[in-house]
Amino acid sequence: MSTPSDQSPPQRPDREADDTLHPAHVYANQRDWENYFRAVDRSKPRDTLLLALSKFDEDGTPRHGARHAVDLGAGEGRDTAELLRRSWRVTAIDAHPKSADLIRTRADLPPDAALTIVQAAMEDAEIPECDLLNCSFTLPFCLPGRFESLWHRIALAIRPGGRFAGQLFGDRDTWAPIPDRTHHTVQQARALLGRAGLVPELFREDESDAADAEGHAKHWHVFHIVARKV
Ligand SMILES: C[S@@+](CC[C@H](N)C(=O)[O-])C[C@H]1O[C@@H](n2cnc3c(N)ncnc32)[C@H](O)[C@@H]1O
């Protein structure tokens, strides 16, 4: 899966054409993300992360030493690597066994990276206290019946003055009817932020028709969010 429009231009993965590829939702159902990892290999950090980092820069130097980020659904580590390069301490959580190897073996990590990798499903993962809960394009893959409890744990984990950065998917997205997905109306998405004590610094609703990372056409309905915990 890639993001529509300016997040990451939709394109076919740069690899041999493979007619046996299936739509991303098949991989999501089976929790087989290897094609996705290949497709986004060496992609730049997400814009929501970069905006959150610029907001932290505006806040000034923290009193408690290096800031701590949880990268939930870290994938192949595009956001984790950027955080580490900026001297953040990072806990990268992902359910896929390949994610840890891909992150650890990235060539762009600083030598003194303060990195903890946890292989766990977000539905069950313990989420440590953090200054930034980064969750790029991952929350829609939470099982719907487990989302409320996950959101509660996310809200508890973010320190006052900390931030949430990431995406929720909207109810008009092509993948919304898939039973193991969690999608929200715009009202529900805004209400989630309010309940967590998160004040939006960015809340951008995007709708577009564009291919996913495997090149399959879909309608995207995405909320891009950066929000500060009061
Ligand atoms: C669309 S990818 C996003 C990866 C990365 N954050 C990015 O922006 O490219 C979704 C990620 O969520 C992970 N994932 C999917 N379902 C998950 C679950 N239930 N618990 C934890 N991670 C999950 C996948 O392994 C994958 O790395």
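User: In this predicted model, what stands opposite V70, and what makes its strand and β2 count as paired?

Analyst: V70 stands opposite T91 in β2. Strand β1 (68-72) and strand β2 (residues 89-94) run parallel and are joined by 5 bridges; two strands pair if at least two bridges are found between them, so β1 and β2 count as paired.

User: How do you know which strands lie at the edges of the sheet?

Analyst: The sheet is open, its 7 strands follow the order β3-β2-β1-β4-β5-β7-β6, and the pairing is mixed. The edge strands are β3 (115-119) and β6 (198-211), each of which pairs on one side only. Neighbouring strands of this sheet are turned by 10° against each other on average, with direction ignored.

User: What makes β6 and β7 a pair, and how do they run?

Analyst: Strand β6 is joined to strand β7 (residues 217-229) by 13 bridges, and the two run antiparallel; since at least two bridges are needed for a pair, β6 and β7 are therefore paired. Within this pairing, V199 has R228 of β7 as its bridge partner. The hairpin of β6 and β7 has 5 residues between the strands, and there G215 takes a positive phi near 90°.

User: Which helices lie on the sheet, and at what angles?

Analyst: Helix α5 (residues 97-104) packs on the sheet, where it touches β2 and β3, and its direction makes about 165° with that of β3. Helix α6 lies across β1, β4 and β5, running at about 145° to β5.

User: Why does the span of α6 agree with its number of residues?

Analyst: Helix α6 (residues 144-157) has 14 residues, which at 1.5 Å a residue should span 20 Å, and because its end C-alpha atoms are 20 Å apart, the two values agree. The buried residues of α6 are F147, L150, I154 and A157, and what covers these buried residues includes β1, β4 (130-135) and β5 (158-169).

User: Why is E148 called partly exposed?

Analyst: E148, which lies in helix α6, has 13 other C-beta atoms within 10 Å. A residue is exposed at 12 or fewer and buried at 20 or more, so the count for E148 falls in between and the residue is partly exposed. E148 and E123 are 25 residues apart in sequence and 9.7 Å apart in space, C-alpha to C-alpha.

User: Why is S87 called exposed, and what is its phi?

Analyst: S87 has 12 other C-beta atoms within 10 Å, and because 12 or fewer counts as exposed, S87 is exposed. Its place is in the loop between α4 and β2, and S87 has a positive phi of about 70° although it is not a glycine. Most residues other than glycine have a negative phi.

User: Is F137 buried or exposed, and how do you know?

Analyst: F137 has 25 C-beta neighbours inside 10 Å, and since 20 or more makes a residue buried, F137 counts as buried. F137 is found in the loop between β4 and α6, and its phi is near 55°, a positive value in a residue other than glycine.

User: Which residues and elements surround the ligand?

Analyst: The ligand is surrounded by 23 residues, of which the closest are G73, G75, A95, H96 and S136. The elements giving two or more residues to this shell are α2 (34-40) and α4 (78-85), and the residues of the shell divide into 11 nonpolar, 6 polar and 6 charged.

Note on methods
Residues numbered from 1 in each chain as written. Predicted model: local features only at pLDDT ≥ 70, side-chain atom pairs only at ≥ 80, totals over all residues. Near = placed C-beta within 6 Å. Helix = DSSP H or I, 4+ residues; strand = E, 2+ residues; numbered from the N terminus. Nonpolar A, V, L, I, M, F, W, Y, C, P; charged D, E, K, R; others polar. Expected span 1.5 Å × (residues − 1). Contact = placed C-beta atoms within 7 Å. Axes fitted to C-alpha atoms, helices over the stretch in contact; angles between N-to-C directions.
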